[in-house]
Amino acid sequence: MDRTSDLDEADRTVTSSEIEPGIARITLNRPKKRNALDKPARQAFLKALDETRAARVVVLDGAGGTFCSGMDLTQVVAGRLEDEEELNASWLEVQETIRRHPAIVIASVRGYALGGGSTLINVCDLAVVAEDAQIGLPEIGFGFYPGLAGPALQLRLPPKRAAWMILTAKRIDGITAVDWGMANVAVPDGEVEAESLALARHIAQFDAAALTWTKKALWQIPMVISEWRAALEFGAYANGQIHARTDAHRSGLKNFVEGRPNPGQGADGG
């Protein structure tokens, strides 16, 4: 299912396709710009996210051996307020659409993930990174605070580590990103695609409604809800929403009682 076949090559700034049933791929496709996202690319990104809403898992990657070097700042060089406002609004909309997307979104990161590229790692539900990936926030060097990348980082990392990246503009590699809790798995560059797909296949075996509402709970607790009782009550609410949409829990419990494995059970999680 390649949904971009009717587009001219020049318009394919972000593409979506089905890898296999339940798993979709979104690719940032401006390799000559290290996949920096200009206004058309941000709009194409939103379109690709809409096209993949039926998937259980979405793998987000970049063309040309790199992930995303952030926003294409040529839009705001002229200093027009309306350009800056549009950039911030459309980029925030991309982040919120990923966060509220029903699928689990996996960042598959090679090469550079700078500024907005680091934001994508932080807003995705999981991240597989190349060991030598270069992740950083260069904005302080341009004379400003990273207005979206900074908060995204500060919500994901401990304060001193977030401050280090924001105040020094120094990059960290993929191994450090895993050590700091920004990513889940670091592998050699040539293995990122296969590792991301293997993770996607593992997650796609689970019930779609359970995945969607578990994602909602992961974003609510503790990002929005940090009080103990309220968090537990939301957990019960999430399960109620799952049970209203699927009977997977009934077959899962029946399998357990009768000694049959459920998806994800076993020493290797398979």
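## Exercises on charges, strands and rings

With a relative accessibility of 45%, Arg201 counts as partly exposed, where buried means under 20% relative accessible area, exposed over 50% and partly exposed in between, for a 1.4 Å probe and protein chains only. The model is predicted, so local features need pLDDT of at least 70 and side-chain atom pairs count only at pLDDT 80 or more, while totals for chains, interfaces and linings use all residues. Residues are numbered from 1 along each chain as its sequence is written, and side-chain values use heavy atoms, with hydrogens and water left out.

### Exercise 1

Determine which residue Arg201 meets in a salt bridge, and which elements hold the two partners.

**Solution.** Begin with the side chains: Arg201 and Glu20 form a salt bridge with an N to O distance of 2.9 Å (a side-chain nitrogen of Lys or Arg within 4 Å of a carboxyl oxygen of Asp or Glu). Next, place the partners in the chain: Arg201 belongs to helix H7 (residues 192-204) and Glu20 to strand S1 (residues 14-20), so that the pair links distant parts of the chain, 181 residues apart (helices, H or I with at least four residues, and strands, E with at least two, are DSSP runs numbered from the N terminus). Finally, consider exposure: Glu20, at 24% relative accessibility, is likewise classed as partly exposed.

### Exercise 2

State whether Arg25 and Asp61 are buried or exposed, and find which further residue belongs to their network of salt bridges.

**Solution.** The closest N and O atoms of the salt bridge between Arg25 and Asp61 are 3.1 Å apart. This pair also links distant parts of the chain, with Arg25 in strand S2 (residues 23-28) and Asp61 in strand S3 (residues 57-62), 36 residues apart. Both Arg25 and Asp61 are buried. The further residue is Glu193, which is linked with Arg25 and Asp61 in a network of salt bridges. As a last step, set this network within the total, which is 14 salt bridges in the structure.

### Exercise 3

Work out in what order the strands of the 6-stranded sheet follow one another, and which strands stand at its edges.

**Solution.** The sheet is open, its pairing is mixed, and the order of its strands is S1-S2-S3-S4-S6-S8 (two strands pair if DSSP finds at least two bridges between them). S1 and strand S8 (185-187) are at the edges, because each has a single partner strand and one side of each is left without a neighbour in the sheet. Neighbouring strands are turned against each other by 20° on average, direction ignored (axes are lines fitted to C-alpha atoms, for helices over the stretch in contact, and angles run from 0 to 180 degrees between N-to-C directions).

Now compare the pairings one by one. S1 and S2 run antiparallel and are joined by 6 bridges, with Thr15 standing opposite Thr27 in S2. Their hairpin has 2 residues between the strands, and Gly22 takes a positive phi near 90° there. S2 and S3, in turn, pair in the parallel sense over 6 bridges, and the bridge partner of Arg25 in S3 is Val59. H1 lies across S1, S2 and S3, at about 25° to S1.

### Exercise 4

Identify which side chain makes a polar contact with Ser108, and which residues surround Ser108.

**Solution.** Ser108 is located in strand S4 (residues 104-109), and its relative accessible area of 6% is why it counts as buried. Its side chain is joined to that of Ser196 by a polar contact of 2.8 Å (a pair of N or O atoms within 3.5 Å; within protein, one must be able to donate a hydrogen and the other to accept it, and residues adjacent in sequence count only if both atoms are side-chain atoms). Leaving aside neighbours within four places in sequence, the residues in contact with Ser108 include Val59, Asp61, Glu193 and Ser196 (heavy atoms within 4.5 Å).

### Exercise 5

Find which rings form the aromatic cluster that contains Trp213.

**Solution.** The structure has 3 aromatic pairs (rings of Phe, Tyr and Trp, the last by its six-membered ring, with centres within 6.5 Å; planes under 30 degrees apart are stacked, over 60 edge-to-face and the rest tilted). Among them, Trp213 and Tyr237 are edge-to-face, with 5.8 Å centre to centre and 80° between the planes. Trp213 lies in helix H8 (residues 208-220) and Tyr237 in helix H9 (residues 228-245), 24 residues apart. Trp213 is buried at a relative accessible area of 11%, whereas Tyr237 is partly exposed at 42%. Trp213, Phe234 and Tyr237 together form one aromatic cluster.
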